[in-house]
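Me: Please take a close look at one part of this model, the interface between chains, and then set it beside some of the packing within the chains.

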Amino acid sequence: MNSKAAKTPLIPYLFWILLFVIAPIALILYYSLLDLNGNFTLANYVKFFTPVYLKMTLSSFWYAFLITVFTLIFAYPTAYLLTKTKHKKLWLMLIIIPSWINLLLKTYAFIGIFGLYGPINALIEVFGFNPKQILFTDFSFVFVSVYIFIPFMIIPIFNSLDKMNPSLVFAARDLGASAWTTFRRVVFPLTIDGVKAGIQVTFIPALSLFMITRLIAGNQVITLGTAIEQQFLVSQNWGMGSTIAVFLIVFMVLTMLVTKQNSKGGRA
Amino acid sequence: MKKLSATSKAYLVFVFAVLYAPILYLIFYSFNSGGNMNNFESFTLEHYQAVFEDSRLIVILINTVIVALLSGLIATVIGTLGAIGIVSIKDKKMRNTILSLNNVLIVSPDVVIGASFLILFTMIGVKLGFASVLVSHVAFSVPIVVLMVLPKLLEMNTSLIDAARDLGATKRDILTRVILPYISPGIFAGFFMALTYSLDDFAVTFFVTGNGFSTLSVEIYSMARAGISLTVNAISGLVFAITVLVVIGYYFINQKAKSATSEGQR
């Protein structure tokens, strides 16, 4: 291609990169160094390392970890069984449809389902127990998050399982490997890229969730995302909010490095 | 192929049941004449009627669609041009740098994007509202379009372009008559994805929307925070119906396209 003429289409695109990729990161870094009066300070960073924020970070990680683990535990077998069905593309489509329904609507559904007079509590009563407050607990938060993320975990795992050459499994079985050994030594390692991609699209968003925490967890759970929203929109302390965002970006980069793939994956 | 065992089938049924239960639950109670999601009193369409009579809600719905279509369109133009530009970069290092920058917004948490855009708009003096929401949606859709168009461009045979040039096509002709038609499936896929991202986005919009402007997600959030309202159920019924229609349409178009290509190969 003629290089001079071919560079012109890049101009709006490069402008986009400059304004919406580089500038926002720079601004977040800049604001993280400002106090409430706009003076330069490292106080926000010092504050982040106080027990209050460290505890919040730790609990945010713990919840994101739990959410990722449970999502994986339920998603892997689902993806595996889906590849075994007839019309597997159609079934996969049916898994994807719920992920197209607006996130807020699905979260809203659980306000009713987990409510004090909701169907779950009605069921509990049938078995002779007293209704419990399920909404605004850790359980409801983790459950709803897993529910939201499951399709995004299934898709990459399904794709990598689907790409796998089935004769490798037959070979392993012929050589005397048990079903479990075959899975552990052959199937799982071959699909690890799908698992990593799934973890990426679950763990990072789980760290930064905020509407599920607000709607489902009440103020029981505070994730890094909730804290950023709080600082920006409620406390109007953009400096502290930016500092938390800087750490969130750092954690994101670390997660990406840990789950780095050999072949280029995609986001679901 | 081995048949699935009963346990496997039961597990799949369980997963599908859990995935669909909340949605069906919402839709079921959207027909409830009682005001809650616990006791079904009698069948009614009043909540659907309420959606269509609520002019504020209709305005929000129109806003949401306009933002999605417009941002999708603009992002598709910028992204497609960007992808064409990226392919023309010969320097490998430069190309990889740009591609990494391209992916930053895709992997970044929504809250961080929302917060940083809020700072950006405040600094350069964009008023929060329609403009800021539209621009943010364009911003986070561009990289998706690039990722959808790029593979098509990379698989395109460059001799097509050489041939066109030898036959005397101008650069403009080459772009509009050779490159764009070839990569159009990628462009459509990109536009479609941008549309879905925009319709679905909550977190970024929540940060950059001012007081006067709202999209469906943001509105549902504030309604949900206020408590249960069966109007939201009616909205979800409508959203689900539209989604299923789109999926069915998409599936049939795909089948048709597939059978068309396989016939073409014969």
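Reply: **Interface and internal packing**

In chain B, 82 residues are in contact (heavy atoms within 4.5 Å) with 76 residues of chain A. The model is predicted: local features need pLDDT of at least 70 and side-chain atom pairs pLDDT 80 or more, while totals for chains, interfaces and linings use all residues. Residues are numbered from 1 along each chain as written, chains are lettered from A and ligands numbered from 1 in written order, and side-chain values use heavy atoms, without hydrogens or water.

Chains B and A bury about 7200 Å² between them (accessible area, 1.4 Å probe, lost on being put together and summed over both), with 81% of it on carbon and sulfur atoms. B:Tyr11, B:Leu19 and B:Ile119 supply 9% of the area chain B buries there, more than any other three residues.

Zero salt bridges (Lys or Arg side-chain nitrogen within 4 Å of an Asp or Glu carboxyl oxygen) join chain B to chain A, although the structure holds six over all chains. One salt bridge pairs A:Asp162 with A:Lys88, with the closest N and O atoms 2.8 Å apart. A:Asp162 lies in helix α8 (residues 138-163) of chain A and A:Lys88 in helix α5 (residues 88-100) of chain A (helices being DSSP runs of H or I, at least four residues), 74 residues apart.

Within chain B, the axes (lines fitted to C-alpha atoms over the stretch in contact, angles from 0 to 180 degrees between N-to-C directions) of helix α7 (residues 158-166) and helix α8 (residues 171-200) come within 10 Å and cross at roughly 160 degrees. α7(B) and α8(B) are therefore roughly antiparallel (over 145 degrees) to each other.

Terms used:
Helix = DSSP H or I, 4+ residues; strand = E, 2+ residues; numbered from the N terminus. Parallel < 35°, antiparallel > 145°, perpendicular 65-115°, else oblique. Buried area = accessible area lost by both parts, 1.4 Å probe.
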